[in-house]
Amino acid sequence: EVEKIRKAAHIADEVVGEVIEYIKPGMTEKDIKEKIEELFTQKGVCMAFNPIVASGPNSSMPHYCDDSRVIQEKDIIIMDLGCQYEDYCSDISRTVFVGGITEEEKKIYNIVLEANKTAEEKVKNGVTAEDVDKAARDVITREGYGENFLNRTGHGIGISVHEAPYIRTGNRQILEKGMSFSVEPGIYIPGKFGIRIEDIVVVGDKGADILNRFSKEIIVI
């Protein structure tokens with residue numbers, strides 16, 4: 001089961017890289033979503049869910065579901081996508097920048113990246129789901145953006161895209177070897193922009209086995 005999720009994650013990594021090469025100002029969010037579907041189809045898999053492509057101020061909404069905005073010369077884009085490989089799902093989010101990045105965007109990106117990595121380092125057999133959430137949340141709160149972390153840190157994934165364990169405050173479920181879930185902290189500034197970085201991880205013998213391998217460094221298109 002883990003190897004099937006790993007394969008699904010690697011296919012999603014490939015699609016992220018390929019769709020980044022496609023993005024340019026003047027196209028719509030819908031154009032990018034359709035390209036994502038086309039790329040998955042070319043790889044012989046179907047999408048696990050309708051992808052999110054949230055640009056500009058739309059990126060400040062964690063569960064944005066429209067697709068009509070036109071990509072601008074200076075823009076920010078959150079892409080959230082995944083596929084099914086032999087019935088097992090993947091899910092990845094990356095935030096990219098078109099034409100440049102502001103100092104504020106860079107600062108917040110690095111905070112979210114630290115939260116993502118800190119939470120992943122917390123993952124191991126015997127800790128609770130809440131412990132992992134707290135690891136990410138403490139980083140973002142320390143930097144003054146606690147009220148802008150609007151979503152849970154993660155959700156389980158397998159045959160369904162969203163299943164237990166839910167990585168959130170108040171969930172004292174003990175994490176055990178073989179459990180798979182997302183780690184996706186984000187900062188969302190209403191009406192301005194948002195940043196999310198998401199990987200799928202599996203609880204391994206020595207900590208988190210991070211299935212997504214696509215770069216988490218700042219990418220400017």
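**Notebook: a cis bond, two positive phi values and a buried serine**

I started at P165, which sits in strand 8, the stretch covering residues 163–167. This is a predicted model, so I read everything here as computed. Looking at the backbone just before P165, I found that the peptide bond from A164 to P165 is cis, its omega being near 0 degrees.

Next I went to the loop between strand 4 (83–85) and strand 5 (88–89), where E86 is found. Which sign does phi take at E86? I got a positive phi of about 50 degrees, although E86 is not a glycine. I also looked up D87, whose place is in the loop between strand 4 and strand 5. Phi of D87 is positive too, near 80 degrees, and D87 is a residue other than glycine.

Then I checked accessibility for this pair. Buried or exposed, what is D87? I noted 53% relative accessibility for D87, which counts as exposed because the cut-off is over 50%. E86 has a relative accessible area of 47%, so I put it down as partly exposed.

My last stop was S182, in strand 9 (residues 180–183). I noted 0% relative accessibility for S182, so it counts as buried, the limit being under 20%. What does the side chain of S182 make a polar contact with? I found the side chain of E184 as its partner, at 2.8 Å. Leaving aside neighbours within four places in sequence, I listed the residues in contact with S182: T153, G154, H155, I167, E198, D199 and I200.

Technical notes: Residues are numbered from 1 along each chain as its sequence is written. This is a predicted model: local features need pLDDT of at least 70, side-chain atom pairs count only at pLDDT 80 or more; totals for chains, interfaces and linings use all residues. Side-chain values use heavy atoms; hydrogens and water are left out. Helices (H or I, at least four residues) and strands (E, at least two) are DSSP runs, numbered from the N terminus. Buried means under 20% relative accessible area, exposed over 50%, partly exposed in between (1.4 Å probe, protein chains only). A polar contact is a pair of N or O atoms within 3.5 Å; within protein, one must be able to donate a hydrogen and the other to accept it, and residues adjacent in sequence count only if both atoms are side-chain atoms. Contact means heavy atoms within 4.5 Å.
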